[in-house]
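Trainee: I would like to learn how to read a model like this one. Where do we begin?

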Amino acid sequence: MTPDLRQLRYFVAVAEESSYTRAAERLMISQQSLSQQIALLERMLGAKLFDRDTRGTSLTAVGVLFLPEARAVLKRADEAIDVVARAVRGEVGSLRLAFLATTTNYLLPPVVRAVRQRLPGIRLTTEETTIAPLVEGVLKGRYDVAFTRPPLVAGLETRTLISEPVCAVLPEEHPLAGRSELTLGELAGERWVLTPRSSWEPWHQAFDHSFRTAGFTPDVVQRDTSVQGLLGLVAAGVGITRLARSASSLRRTGVVFVPLTGEFVPTAMVWLSGDTSPALRGLLDVVTELAASTDLTEFG
């Protein structure tokens, strides 16, 4: 038979108190029960652990050797129990984070910093990606949580962090570049540069609705898969586009961002429906508190 943790705790208590009486009081058990458990432990080990005489209780030579080993086992057991308790509270574990390429610049630094400070036991891995592999990655479990524009598909939980203006992005020399605000309808006669429809159809359906509501179909003269590419095309005078205001951090010259009246776009945390991981819940709480107290777009 193998001694259990209770017997080891009893042994350590007697060794530290040098008295069965005081050890029993400390453990809040009867002295008889304590004596019986120590005797059982000695039979299991095949060795005497204590000498008892009129002067008190002392460790035998074997007991002296056994004491640090028993303490080490108990310490390791306590550490294991603590790890489980922290895991249940969402304080330890690992999480894989995906960032939509247009959000990485301003969201990754404050999010990772806050989680590392508040949940130092959580190991984070991060990856920048585009919307299609991001959604597929969350749905198939490659990512635990993603930071993105709402993907507008089923099977995912979404929590909005930021709502920011959508802007018309114009070349610096454009006649409307000095305006403080524009309506989408005022841009009906412009040439447009947009992402390919294949990049994410649900978003393009939403774009189509916005343009129809404004009364026109955009004249799309060129498409590019990246925001940086779209900004470069605008700066080169190829056409105009529409982007969230935070994208202005990706290019400081050659373009002007003018808010579109009444148009806003959210940035959200997205995770698989039904995922109850304590580590995920801990991260969601930390980032939600961060978003409530900080303008996350200022990090761009």
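Mentor: Begin with contacts. Contact means heavy atoms within 4.5 Å. Keep in mind that this is a predicted model.

Trainee: What share of the contacts with a separation of 6 or more comes from residues 24 or more positions apart?

Mentor: In this protein, such residues account for 73% of those contacts.

Trainee: How many helices and strands does the protein have?

Mentor: There are nine helices and 10 strands.

Trainee: How does the radius of gyration read against a compact globule?

Mentor: The rule takes 2.2 Å times the number of residues to the power 0.38. For a compact globule of 300 residues, that puts the radius near 19 Å. The protein has 32 Å. Now look at the principal axes. The C-alpha trace spans about 105 × 30 × 25 Å along them.

Trainee: Which two residues could show me a long separation?

Mentor: Take D295 and G46. They are 249 residues apart along the chain, and their C-alpha atoms are separated by 67 Å. D295 is found in the segment after α9, the helix of residues 278–293.

Trainee: Is D295 buried or partly exposed?

Mentor: Buried means under 20% relative accessible area, and exposed means over 50%. D295 has 42%, so it counts as partly exposed.

Trainee: What percentage of the residues count as buried?

Mentor: Of the 300 residues, 43% do. The accessible surface comes to about 15,300 Å², and carbon and sulfur atoms hold 52% of it.

Trainee: Show me a charged residue. Is E164 buried or exposed?

Mentor: E164 is buried, because its relative accessible area is 2%. Its place is in strand β6, residues 156–171.

Trainee: What does the side chain of E164 reach?

Mentor: It reaches the backbone nitrogen of R245, at 3.5 Å. Beyond its neighbours within four places in sequence, E164 is in contact with residues including Y106, R149, R245, E263 and T297.

Trainee: And T241: buried or exposed?

Mentor: T241 has 1% relative accessibility, so it counts as buried. It is found in strand β9, residues 241–244. The side chain of T241 reaches the backbone oxygen of V193 at 2.8 Å. Setting aside neighbours within four places in sequence, T241 has contacts that include C167, W192, V193 and L230.

Trainee: One last point. How far apart are the mean positions of the positive and negative charges?

Mentor: They are 5 Å apart, for 32 positive and 33 negative charges.

Terms used: Residues are numbered from 1 along each chain as its sequence is written. This is a predicted model: local features need pLDDT of at least 70, side-chain atom pairs count only at pLDDT 80 or more; totals for chains, interfaces and linings use all residues. Side-chain values use heavy atoms; hydrogens and water are left out. Helices (H or I, at least four residues) and strands (E, at least two) are DSSP runs, numbered from the N terminus. Buried means under 20% relative accessible area, exposed over 50%, partly exposed in between (1.4 Å probe, protein chains only). Accessible areas come from the Shrake-Rupley method with a 1.4 Å probe; for residues, only the protein chains shown count as cover. Lys and Arg count as positive and Asp and Glu as negative; His and the chain ends are not counted. The place of a charge is taken as NZ of Lys, CZ of Arg, CG of Asp or CD of Glu. A polar contact is a pair of N or O atoms within 3.5 Å; within protein, one must be able to donate a hydrogen and the other to accept it, and residues adjacent in sequence count only if both atoms are side-chain atoms.
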